[in-house]
Each structure stands twice: as structure tokens, then as C-alpha cells.
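Trainee: Could you take me through a few features of this structure, beginning with the backbone and then turning to helix packing and pockets?

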Amino acid sequence: MHRHRILASATLAIAVIASLQGATLARAQNDPGSRAIRFLQAQQRTDGSIDGTAGETEDTVIGAAALGYDPGTLRASSGKSVLDYLATVATAQAATTSAGPVAKLALAVAAAGHSPTSFAGANLISLLATTYHPATGAYGDGATFTQSLAILAQRSAAVTPPAKAITYLVSLENSDGSWNFSAAAGLQGDTNSTSVAVMALAAGGDHSHDAKVLTFLAGQQNSDGGFPYQSPSPFGTASDPDSDALVLAALRAVGAHPERSGWTKNGHTPLDNLLSMQDSASGGFIFPGNTGADAFTTSEVPAGLALQPLPVAFPGVATGGLSAQGAAAVSALKYLARSQRGDGSIDGTAGETEDTILGTAAAGYDPATLVAASGASAYDFLAAAAAATAATAHANPHAVDAGKVAKLMLAIEAGGRNPASFAGHDLVAALNGSYAPATGDYGDGATFTQSLAILALHSTTAAIPGMARSHLVSLQNVDGSWNFGSAAGPQGDTNSTSIALMALAALGDHSHDASALSYLHGQQNSDGGFPYQSPSPFGTASDPDSDALVLEAMIATFQSPGAASWTHGGHTVTANLLSLQDSANGGFIFPGNPGADAFTTSEVPAGLERVPLGAVARFTPGLALLPAAPATTPPPPPAPVRAPNTGGGPAVAVEPVAASGSSVAAAGTAGTLAALVALAVVLGARRKRRRRHS
């Protein structure tokens, strides 16, 4: 953030070119923020630094916190963490005080959960004060970035900056609403300086400059939806990742919504453009004109992806790190893999098998390696389900259970296989046969059915009728929620709301995010987790499956699970979800149950991996969760397999509770409280939340 690559290197400036990679929509990425952090962690050196520099390490710490991870968990193989490295930086800064670097360090220290007034024996705020010029109000050289970072650093430490420091920053604003890189107004403004300046003002509650800033930034936005450092510019005016990220954070700081139509150019939002510059292989970001991703470019991006303005608050140590969440997901998947039966299924049901496949792919493992000792694979089991669906479709297309077919398609697509030609059957055609053009309904038209159908078709790039989207939108309640039924009106629930949000996000429709997220905020419990529904006759305890679905919906709608707005009593949804895992076997425990079970656990891994429904599940072909079991019978011939997903693929989906493995879609279609109460009686002490389409 205290880096200006256009001015820092003439060589780099020459390299800037106007052409960019083809746009990749935000919904076609597998949690891009987490992938960027993984890329950065791969650049960690034995001293704990990211790529050997203070700036990249500080930006990585801030970005990790913005995404909801504990930055202190970023450790090198030597055991040294990013905080160990920053402690050495603090010692050096105490000897050679410079306002910008001290302020940037203070912001990183605060984001990591430590006090900038007492870190590694240094009081960074006091050091910063030694650079202050009371006659002018300037810190250090008084340039826009220096001044803005100094103000933000003090805000991060709950210290009120001198009024004259704010007045000085305001004096640097140009008449067009912009700020420039220098210590004086009048020079041509740029998007980077403007963004950090308006974040500094917004952090103190000053929004009197927002309107002019928004006008300037709107005038700088390129036709690809992104932002250049500056336009016009002798260095080129191509959109770049760091400018996009800074502007995204600034827009949220002033209450703007960069995911909405007002910030869309030629169908592209700033987020779309930013993600078009992410390297699909490594997760790093590529600066225009460069041949590959690098830590210098990538480190500034995660906070922008999380739409988190400076200063970024520590998400809480209980939230865990990227590796901790990944380890929890893998532990859960191994628990599920151990429950595989001789027919290839997970725990004997299609729903749990499909969810396990989706979670396995989300975690980077090859679902084809889910093979029982009998030699039957999970996909062999699903082939039988596909045959049954095809038989039903042949006899009566409208009798097809659209939700079940859609869920099956998502699992097939997750493993790189083709739902239009799986085990000799065309499931895309079967799903489309259940569509009612007059109403836009797939099957019973209930929220889960409609959402799964949209997500399944999106994953195959098949056409999705506009009426299908319209019907889903019509099911939204006035409080922003969706319910389980096929009409708006009855009380909504977190699960239906989450899957509807993901389906609309897959279509690029974020116009309903604000009201739905407001509803979800109201449902969050004091432990940070989410119930199926509150109030509810079934109880309002947070449960693993609701937590996982809401997590995925957060990612699909560009929320940061670790943000202060999603933290209750010091707890986040991720922290609550992790607290519900059985440390002995890796499974997850539903409230009121005596132990873990596959039914509860199967939905969780994709949530921990933060892969929304409709997002890409990238995996390594041949990578298995467990060692191959010795075959007791010769394995069947392998099914035709396509290349692993590279776009538009699925993540986790959901299934219905059933007393004996049967679907309760009919009860959901009725949407009546009486039906749900009857279901709760059947389930008895388990008090399972309603899951759809097993």
C-alpha cells in the first residue's frame, strides 16, 4: 500500500501494456483470496518474511487478517512466523525512523492482533509521533501516502490523530476530488493515492469528500471494469491488480458497492477484472506486461478481494489460519472416506456421496480416488443413480426430481466428468425436461430445487432461462431471506437464503445481496455461528451445516468471514465451525448428537475450503485422501473422464433429512410448519436441520 510501482521503476513502467487477459468472472474462482495467501506463503523465507521484504510481509499480514485468517499462523519451515520477521523490522525502525514504513508496520501489527504501542519492545505510535511536524500537520515527507498511513496507523491503535494532521491531508486534495503522490495539491491525481487518502478520512468518520472521490474514480474506470494507476499516463493506462484492490477497498470505505451495476463496464465489475489477472495455476496475481505472478503484485490484493478498507482489524486467534482450516477440512474428508461402503457410496446415500465428492475436489484431492476395498468407486455408485434418473426421464420427463438430478450433476462436474454424457446418460437433458417455461420452475420450484438447478446448469455452461432466475428472485421474502418452499411468505432460513445467494452469484446477480446479508446478520448467534432458523421450534443452536453454507454464501457475495461486522462476542463463523469438530475422528457433531456422523460432516469441507456452490473446485489428478485399499474384486473399467475443471465448476451442495434415506422434497414443497414439525418428530433427538435432495 505504501508502494507505487508506476513511479518506483522506469523499467516496470515501460512494461505496462494495455492488453489484459480475458476476463474471468468472480464466481469462476475457487476462493481467490485464500489461493492468493497460499501463493504468498509459498514465497515465505526462513526468516519468516514474505519474499524477503517488509512491505510484502506487511501487506500479506494485512490481507490474511482481512480474509479472516490469523496472520500469526503464517510460518516458514524454519518455524519462524511473519511476526518474528516483523519484530526485527520494528527493531530496525526504532533506530532509523521513517514515517511511512513505521505507519505501515503499525497497521500490520494491529492486523495481527498485537498492539502497535508495544511490539517487540517498540512503541510504534510514539516513533511515528517523532516524525510529526506540528507547524504544518505533516508526518515525515508529508506526501499523500505517508500522511494517510500515519493517520490510519493511529486509528488502528485507537489513538486520535492531531486535528492539524487531518487538515493537512485534506489540503492535498485536488479540485477534481483526487489526491496525487506528492506533498502538494495541483499535480495530476491517481487512483492509488486517492484511495488511501479517502480510507484515512473515512476511518475517522469524515465522509464529506466521498462524492468528489467517487466522481474521480468513476472517471478513471476502464472499459474492462478495472482501474489504472492513473489516466492519462505516460506509463500506460491498463488496469492493474494493485490499483483494482486499493480502489475496491476504498469504495467499501465510503459505502459504495463495487459489485453492483453502477460500477459495471461492458458487463465487467472491478472484481471481475481483478480476478482476470489471477494466475489459475499458482493463485498469484500478474501485473500487466509481466510474464507471471509475483509476491510484490499479489501481496496488496487479498485485502481488496475481501473488500476490507484500512485499517484491518485482527479477526481473532480462534479463527485459525489458512493451514488450520485446510487441515480441518482434510481431517473431515478422511473421516468420510473411511465410511465408504462396498458399493462405492459414502455411508450408503447419494447425498452424502455427492457432498463428499464436492468437498474432496474443493480441498484439491481427486474424487476419482474415492474407491472402496471392493474396487467400486464413488462414481460407480453415482452411475446407478444416473441410470435411475434416465429411466424416469424416459418414462415421464416431468417426474424427474430436479433437485436430485442437479445435485448429481454438480458432483459429476466436480470430478471433471461430463453430466451430459455420464455412464451413457444425458443428465443435462433430464434436468431441462423438468423445466416449466410458463413459470420458470425446475421441478417443484422450491428454493433449493431452483437454486441447485441453476448452479448445475451453470457448472456445465448450459443455457439458463431468464425465467428461472426470475422465479428464484420471486421467492425472496421482504426481510431478505428465502424459505424452503416454492413461494415467498413463510419464515425464511439461513440454508435456503445461502443457496439462493450462491445461485444468483453464479449468474452474476448481486442486486439482492444487501437485503439477504442483512437477514443473515440478524441470524448470527453470539458464538459466531448460525442456526438453521431463528426463532424455530427445532432449536436455535449453531450447527456445522448451517455454518458451512453461510460461509460459502459469504465468499460468493464478497464478504470476509473474519470482518468485525461478522464477529459476535469475539467469535466468527469459522471459529464456531471448527469448535464443532470431533478432534478424535475428524467428523462434525450436530448439536444434541452424541458424536460425529457422515450426514452432518459431508457438507462441511467445502465450507472450510471456502468454495461456494458454482465456483471452481481445482484438484490434483490422482491425489488421494487415503492410501488405496487392497481390491477384493477386479475394479470395473474407468468411466470416461474429462480434464479437471478449469472454470464454472461446483463446490458443496446439500441434501434432505430422511428417516430412511428417502427424499423429503414433497414435505419441503408443501412448505408448511406442520410438515417440518412432523419431520422433527421422526428425527427425534438428532434434531437435524432440513437438508435437501439426497
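Mentor: Let us begin with a loop, bearing in mind that this is a predicted model. Leu 307 is found in the loop between α15 (residues 301–305) and α16 (residues 322–337), and Leu 307 has a positive phi of about 55 degrees although it is not a glycine.

Trainee: Which residues does a cis peptide bond join, and what is omega there?

Mentor: One cis peptide bond joins Ser 231 and Pro 232, with omega at about -5 degrees, and Pro 232 has its place in the loop between α11 and α12 (241–253). Another joins Ser 534 and Pro 535, where omega is about 0 degrees; Pro 535 lies in the loop between α24 (513–523) and α25 (544–556).

Trainee: How should I read the packing of α10 and α11?

Mentor: Two packed helices are described by the angle between their axes and the distance between the axes. Here the axes of α10 (residues 191–203) and α11 (residues 210–220) come within 11 Å and cross at roughly 155 degrees. Since an angle over 145 degrees counts as roughly antiparallel, α10 is therefore roughly antiparallel to α11. The contact is made by Thr 191, Thr 194 and Val 198 of α10, together with Asp 210, Val 213, Phe 216, Leu 217 and Gln 220 of α11, and these residues divide into 4 nonpolar, 3 polar and 1 charged.

Trainee: What volume does the largest pocket have, and which residues are closest to its centre?

Mentor: The largest pocket has a volume of about 310 Å³. Of the 19 residues that line this pocket, Gln 308, Pro 309, Ala 563, Ala 564 and Ser 565 are the closest to its centre, while by class the lining has 12 nonpolar, 6 polar and 1 charged residues.

Technical notes. Residues are numbered from 1 along each chain as its sequence is written. This is a predicted model: local features need pLDDT of at least 70, side-chain atom pairs count only at pLDDT 80 or more; totals for chains, interfaces and linings use all residues. Side-chain values use heavy atoms; hydrogens and water are left out. On a 1 Å grid over the protein atoms alone, a cavity is a set of points where a 1.4 Å probe fits but cannot get out, and a pocket is an open set with protein on both sides within 12 Å along at least five of seven lines; lining residues have an atom within 4 Å of a point. Grid points are joined across faces, edges and corners, and a volume is the space filled by probe spheres set on the points. Ala, Val, Leu, Ile, Met, Phe, Trp, Tyr, Cys and Pro count as nonpolar, Asp, Glu, Lys and Arg as charged, and the others, Gly among them, as polar. Axes are lines fitted to C-alpha atoms, for helices over the stretch in contact, and angles run from 0 to 180 degrees between N-to-C directions. Helices (H or I, at least four residues) and strands (E, at least two) are DSSP runs, numbered from the N terminus. Angles under 35 degrees count as roughly parallel, over 145 as roughly antiparallel, 65 to 115 as roughly perpendicular and the rest as oblique. Contact means heavy atoms within 4.5 Å.
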